[in-house]
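Welcome! Please take a moment to look over the sequence and the model, and then we will walk through two parts of it together.

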Amino acid sequence: MSRRYLLKNALCLVTMDDARQELKNGWIVTEGRQIVALGGMEDPHPPADDVLDMSGHVVMPGMVNTHHHMYQSLTRVIPQAQDASLFQWLQTLYPIWARLTPDMVKASTRTAMAELLMSGCTTTSDHLYLFPNGCRLDDEIEAGLEMGMRFHACRGSMSVGESAGGLPPDSLVEKEADILRDTLRVIETYHDPEPLAMLTVGGAPCSPFSVSRELMRDMAELARTTGTRLHTHLAENQHDVAYSKERFGQTPAEYAEDVGWVGADVWHAHCVKLDAAGMARFGRTGTGIAHCPCSNMRLASGIAPIWSMQKQGVPVGLGVDGSASNDGASILAEARQAMLVSRLLSAQDEQAMMLKARDVLTLATRGGARVLGRTDIGQLTVGKAADIIAFDMRKLEYTGALSDPVAALVFCTPSSVAFSMVNGKVLIQDGHFTKLDVNMIIEQHNRLAQKLYEGS
């Protein structure tokens, strides 16, 4: 018999439903994996097995991360790559990443997911695209299942090395037949297509400058045959656009359409330099975008014109991107940055509109859910997944900000959650993990990160 949880007395219950209701002194009841009831202070609530007092807390849907490279948390702040742009940054780090081991993949997955959970994320994707020394996507999936997050694992790949005009070293690329075969294997082994799925798998060739046109087309065909989703990087900076034009004679968006990478089952990371025609094409086809403002700033790529994309109907979610190009994995910090950089863009372009606090919280919840093709997460309504987070607004960083506690989540210094429930299970309570030994995760991660960097 499933236990019932009642979260009551919330300072504000942010539902993110179609009407965007925010219920003062709200309450919500979960049973098993789903939400079964919710209401405001004047609505009677049903009985429950476990009652949690959310006084002073903003309660909202768990947030969704649409782009990450978890293994990169092993190489944060590498001195040689601190001030490099995208292509230089990659070429600096490829030789270090070539020493990656299965244990390192597992350790970095645990670290990344712990960090995401603490920031309010309950669903994450990840893009693992290199597999040296016996590494497999299975290593990441195994560690991810231990952590209890809702997980969209992307089987990435690189097939065009330096000798063939690509960016990665030849030692890190795979044969395309092997890539397709292993992608099908992990889909057949792990992918769950059902509502409330905790694990899905999709194909994710890394980027136009590291895979061939043929692999992109074949992966699109594989995805449509298996009913899975497609993910890659696109139009991340000017060099990316120049490469596409020189190599393929097309803009990134034209190339994407030519190889079958548009549609509601596709999402692209970054798209900082997506042109107007590309935005229209993506809006028309429902092709999604993962907006990663921290990484885009860190690598001097620019500011993605999110307002213009949304005006064209493009689905947009937030992504923290790799922890070596962001050096953090806070989805709430990403939401704050998305709001702030939109204001810089609006100051430069009178056609652009600045995003408001609730706009970016929508991107972080419903927006991310749509980009990942989910209708069961991203909002607190009856029948949706029991993925719920709460922030304690009585903390120091929110002092003086209670005139609008929902906006305070974005305007004030990003905080850690006080509570997190994923799939009906409480993972964080009173600001601490209920079952996870974080100190052990940190110790193992730091030891392996040192080993990776030093090459021993």
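## Strand 1 and its partners

Let's begin with strand 1 (residues 4–14), which runs antiparallel to strand 2 (residues 22–31) and is joined to it by 8 bridges. Keep in mind as you look that this is a predicted model. Within this pairing, Tyr5 has Thr30 in strand 2 as its bridge partner.

Strand 1 also pairs with strand 4 (residues 50–53), this time in the parallel sense. Another parallel pairing links strand 1 to strand 5 (residues 57–61). Here are the three pairings side by side:

| Partner of strand 1 | Direction | Bridges | Residues facing each other |
|---|---|---|---|
| Strand 2 | antiparallel | 8 bridges | Tyr5 and Thr30 |
| Strand 4 | parallel | 4 bridges | Lys8 and Asp53 |
| Strand 5 | parallel | 2 bridges | Leu13 and Val59 |

## A look at Ser119

Now move along to Ser119, which sits in helix 2 (residues 102–119). Is Ser119 buried or exposed? Its relative accessibility is 4%, and buried means under 20%, so Ser119 counts as buried.

What does the side chain of Ser119 reach? One polar contact goes to the backbone oxygen of Leu116, at 2.8 Å. In another, a polar atom of the Ser119 side chain lies 3.0 Å from the backbone nitrogen of Ile331.

Ile331 also appears when we list the contacts of Ser119 beyond its neighbours within four places in sequence. That list includes Ala329, Ser330 and Leu332 as well. Met63, Phe391 and Val417 are in contact with Ser119 too.

Definitions and conventions
Residues are numbered from 1 along each chain as its sequence is written. This is a predicted model: local features need pLDDT of at least 70, side-chain atom pairs count only at pLDDT 80 or more; totals for chains, interfaces and linings use all residues. Side-chain values use heavy atoms; hydrogens and water are left out. Two strands pair if DSSP finds at least two bridges between them. Buried means under 20% relative accessible area, exposed over 50%, partly exposed in between (1.4 Å probe, protein chains only). A polar contact is a pair of N or O atoms within 3.5 Å; within protein, one must be able to donate a hydrogen and the other to accept it, and residues adjacent in sequence count only if both atoms are side-chain atoms. Contact means heavy atoms within 4.5 Å.
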